[in-house]
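Colleague: Please take one part of this model and go through it closely, for someone in their first year. Start with the part itself and leave the overall view for later.

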Amino acid sequence: MAERNILITGGAGFIGSHVVRLFVHKYPAYRIVNLDKLTYAGNPANLADVEGRPNYTFVKGDICDMDAVRDLLSRYDINGIVHLAAESHVDRSITDPLAFARTNVMGTLSLLEAAREQWGGCYDGKLFQHISTDEVYGALGPDDAPFSETTAYDPHSPYSASKASSDHFVRAYRDTFGMPAIVTNCSNNYGPCQFPEKLIPLCINNILHRRPIPVYGKGDNVRDWLYVEDHARAIDAVFHRGRPGESYNIGGGCERKNIDIVRRITEIVDRLTGKPSGTSLDLIAYVTDRKGHDLRYAIDSAKLAHELGWRPEVALDEGLEMTVRWYLDNRAWIDDITSGEYMKYYDSMYGGR
Ligand code: NAD
Ligand code: DAU
């Protein structure tokens, strides 16, 4: 096996932590360097089980800091980059778009430029894999075919506009400088360690605290749900066997209206906490819709299935059950986040955020 020194950015976040764990365990001969700024969304507790592994290094830093990134690429002789670091929450992008342009656009560009300098045009054995979203394709109507890799970009939110821009920069580095790069566009993930601002963990946490579950609009918006470990497996397959220069869509093939997801979670939480069925339904609260709320996302992952044999392994019901159980078994994880304790603790270890 070729020597691989892989930089994973955003590895302390939700999806990144699952990718780091998979790579550290599956490839003991690789060196995995996790670069994460530890924003509000980054939580080293997500990787407590990986700390101390001989092939794992955590570096607290900002992808926008080119000097620091250059130094890292050189120090660890990085030959593969899996880039997940981003501002990821659509609602925050509506209240603070500039933060999304900074990290998602300028951060990605800084990383590309540092890699171009470090690799010096010698791209043999190198790969830049950019983790992106289905939201770049815009919104589908109820009867439209799912997004494919050839669907035109049509982002609507500041978040999706910033991700679309970063995808374009990655492709520009491929086309202009010949950098071997792959973009993956994935649908909605769910699973352990997802920050409780996102629909599913927010819903679980609010039920546990008997607080209202805010459902935007009528709850008719549709998302295509994928268990996070299936996404990590797809990233692994694409990193090792994907064709440089290509894009791959990754989706769960599992479309649900938000209200149906919310109702299903109330059922699971009620059952697992020993409450009569239907107890938590009255927590559902229809609230003002998200501005520019995309109606429907759905992903066609046929290319990934045909070329690399990847398919989701976790069915939605099984995945939701595992997710609810994880949050019930890890109440301290979420309580530390909602109380802000996780920031104080890690600030003392790694310095201020
Ligand atoms: P997340 O918000 O949970 O984690 C993001 C991580 O990036 C955090 O650890 C944060 O500290 C780090 N980070 C943020 N800004 C940084 C910076 N300037 N420098 C270094 N690190 C920084 O996000 P997530 O949900 O795990 O998403 C990860 C990636 O996957 C993102 O690029 C996102 O666009 C993409 N994605 C997410 C989903 C989803 O459903 N969550 C679906 C498709 C694609
Ligand atoms: O599609 C992939 C994207 O999925 C990723 O690129 C993003 O990083 C990720 O955050 C996610 O974006 P969404 O906006 O789809 O996820 P969120 O969990 O915020 O919302 C899911 C749906 O639920 C969406 O239609 C909005 C709705 N919603 C969300 C929240 C937080 C509610 O109805 N109530 C809520 O409180």
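Modeller: Leu38 is buried, with a relative accessible area of 2%; in this predicted model, the cut-off for buried is under 20%. Leu38 sits in the loop between strand 2 and strand 3. Its phi is near 55 degrees, which is a positive value in a residue that is not glycine.

Asn43 belongs to that loop too, between strand 2 (31–36) and strand 3 (56–60). With 3% relative accessibility, Asn43 also counts as buried. What does Asn43 touch, leaving aside residues up to four places away in sequence? Leu38 is one of its contacts, and the others are Ala12, Trp333, Ile337, Tyr342 and Tyr346. The loop residue Asn43 therefore has partners with numbers as low as 12 and as high as 346.

Contacts between residues distant in sequence can also be counted over the whole chain. Of the contacts with a separation of 6 or more, 83% join residues 24 or more positions apart.

Another residue with positive phi makes a useful comparison. Asp77 is not a glycine, yet its phi is about 50 degrees. Asp77 lies in the loop between helix 2 (66–75) and strand 4 (80–83). Is Asp77 buried, exposed or partly exposed? Its relative accessible area is 48%, so Asp77 is partly exposed, whereas Leu38 is buried at 2%.

Burial can be followed along a helix as well. Helix 7 covers residues 228–241, and 10 of its 14 residues are buried. The rest of the structure therefore largely encloses helix 7. Its buried residues include Val228, Ala232, Ile235, Val238 and Phe239, and also Asp230, His231 and Asp236. The length of helix 7 can be checked too: at 1.5 Å a residue its 14 residues should span 20 Å, and its end C-alpha atoms are 20 Å apart, so the two agree.

Now the overall view. The chain has 12 helices and 12 strands. Its radius of gyration is 20 Å, close to the 20 Å from the globule rule for 353 residues, so the chain is as compact as a globular protein of that length. The C-alpha trace spans about 60 × 50 × 40 Å along its principal axes. Buried residues, such as Leu38 and Asn43, make up 55% of the 353 residues. The chain exposes about 14,400 Å², and carbon and sulfur atoms supply 51% of that area.

Technical notes:
Residues numbered from 1 in each chain as written. Chains lettered and ligands numbered in written order. Predicted model: local features only at pLDDT ≥ 70, side-chain atom pairs only at ≥ 80, totals over all residues. Heavy atoms only, no water. Helix = DSSP H or I, 4+ residues; strand = E, 2+ residues; numbered from the N terminus. Rg over C-alpha atoms; globule rule 2.2 N^0.38 Å. Buried < 20%, exposed > 50% of the residue type's maximum accessible area, 1.4 Å probe, protein only. Contact = heavy atoms within 4.5 Å. Areas by Shrake-Rupley, 256 points an atom, 1.4 Å probe, with all protein chains shown as cover. Expected span 1.5 Å × (residues − 1).
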